[in-house]
Amino acid sequence: MVKIGNIELGDFPLLLAPMEDVSDPPFRAVCKQNGADLMYTEFISSEGLIRDAAKSVQKLDVYDYERPIGIQIFGNEIESMREAAAIAEEAGPDILDINYGCPVHKVACKGAGAGILLDIPKMVSMTAEIVKRVNIPVTVKTRLGWSHETIKIVEVAERLQDVGIQAISIHARTRQQMYKGEADWSWLNLVKANPRLHIPVFGNGDIDSPEKAAEYKSKYHVDGMMIGRASIGYPWIFNEIKHYLATGEKLPAPDLAERLAVAKKHLDFSIEWKGQKQGILEMRRHYTNYFRGMPNFKPYRTEMVTADTYSQVCEILDQVAEAYSEYEF
């Protein structure tokens, strides 16, 4: 049984990665219903929380049906991160996660996210202060290092454990790689082989099929996996991986009716959370992914991303159901 603090996650938990503009409550809802064991919010700016910025505060929304749920924060100032951690804890998550992995320029080049991998002592000090500030388990998501030449992930994982984190998720790329090239999970094997490390280690990067999940589980001995991009428009991946690990057999791909039903459910959650106008607007980024691979789909997608009302979107989804009634994935 893998545990974070007293939170039991099963024998080999599958985590939903925190993804900016993706991992909001509506998306998390459909992932939870399709097998995600632990989910994190989108990353939240510590400075935004301290300033009570509306966008940052709204990201604190968590719901009982999501549990266990973690709130993830990022920033480059230790005191600001301490304050933000306390604010996040008040929102009632089960876990607080620190983002030391975001590679985007506007974050990393200001010393936050993956940028802190250039200053490991500060990374450790910040983590220690956050652990002291809150009463819930603290976890970390990070990368292997800033560059291949500066990878110290075995040491980093141990030092963060020693100041109190209770699990670590490692994206097996460096910051310089961004999302390019192949993730190098051999480093995760080295982290797990450290006899002084006893916290759970979750692997992240390139897990996009049940077969790959099974291969990497066997080869790299991680305690669980964090799924990111492969879940966008395809929340079924969590249950598909679980079924394959348990039986060695692949579940059939969701048919059109199932895709339409989950896309509609996602839309309903989005409107419930943000209201009709904003809910419809933010759902637009997901349609292509739900119907990826369908031939000649562009006209329907164009209609979906320009529809302004709930009834219009539902009408287009009904048209898709009729036009592709014979299509098989």
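**Helix crossings, pockets and two backbone features**

Me: Why are α9 and α10 described as oblique to each other?

Reply: α9 and α10 are oblique to each other because of the angle at which their axes cross in this predicted model. Helix α9 (residues 210-220) and helix α10 (residues 237-247) cross at roughly 55 degrees, with axes that come within 8 Å. Angles under 35 degrees would count as roughly parallel and 65 to 115 as roughly perpendicular, so a value of roughly 55 degrees falls in neither class and is called oblique. The crossing itself is right-handed.

Me: Which residues make the contact of α9 with α10, and how do they divide by class?

Reply: On the α9 side the contact is made by P210, E211, A213, A214 and K217, and on the α10 side by E240, I241, Y244 and L245. Six of these residues are nonpolar and three are charged, while no polar residue takes part. Tyr and Pro count as nonpolar under the classes used, so Y244 and P210 belong to the nonpolar group, whereas Glu and Lys count as charged, which places E211, K217 and E240 in the charged group.

Me: What makes α6 and α7 a roughly parallel pair?

Reply: Helix α6 (residues 120-133) and helix α7 (residues 153-162) pack with their axes 9 Å apart and at an angle of about 25 degrees. Because angles under 35 degrees count as roughly parallel, α6 is roughly parallel to α7. The crossing in which α6 passes α7 is right-handed.

Me: Which residues of α6 meet which residues of α7, and how do they divide by class?

Reply: From α6, I120, P121, M123, V124 and T127 meet V156, R159 and L160 of α7. The contact divides into six nonpolar residues, one polar and one charged. Arg counts as charged and Thr as polar, so R159 is the charged residue and T127 the polar one.

Me: How much space lies in the largest pocket, and which residues are the closest to its centre?

Reply: The largest pocket holds about 520 Å³ of space. It is lined by 28 residues, of which P18, M19, K141, H171 and Y179 are the closest to its centre. Strands β7 (138-143) and β10 (224-227) each supply at least two residues of this lining, and the largest share, three residues, comes from β7. By class, the lining has 14 nonpolar, eight polar and six charged residues.

Me: What makes up the lining of the second largest pocket?

Reply: The second largest pocket contains about 410 Å³ of space, and among its 18 lining residues the closest to its centre are F43, S45, F74, K106 and V107. At least two lining residues come from each of β4 (38-45), α2 (46-50), α3 (54-58) and α5 (105-108), with β4 giving the largest share, three residues. This lining divides into six nonpolar, five polar and seven charged residues.

Me: How do you know that the peptide bond from R67 to P68 is cis?

Reply: The peptide bond from R67 to P68 has omega near 0 degrees and is cis. P68 lies in the loop between α3 and β5 (69-74).

Me: What is noted about the phi of H221, and where is this residue placed?

Reply: H221 has a positive phi of about 60 degrees, although it is not a glycine. The residue is placed in the loop between α9 and β10.

How values were computed. Residues numbered from 1 in each chain as written. Predicted model: local features only at pLDDT ≥ 70, side-chain atom pairs only at ≥ 80, totals over all residues. Heavy atoms only, no water. Axes fitted to C-alpha atoms, helices over the stretch in contact; angles between N-to-C directions. Helix = DSSP H or I, 4+ residues; strand = E, 2+ residues; numbered from the N terminus. Parallel < 35°, antiparallel > 145°, perpendicular 65-115°, else oblique. Left-handed = near helix turned anticlockwise from the far one by under 90°. Contact = heavy atoms within 4.5 Å. 1 Å grid on protein atoms, 1.4 Å probe; cavity = no way out; pocket = protein on both sides within 12 Å on 5 of 7 lines; lining within 4 Å. Points joined across faces, edges and corners; volume = space filled by probe spheres on them.
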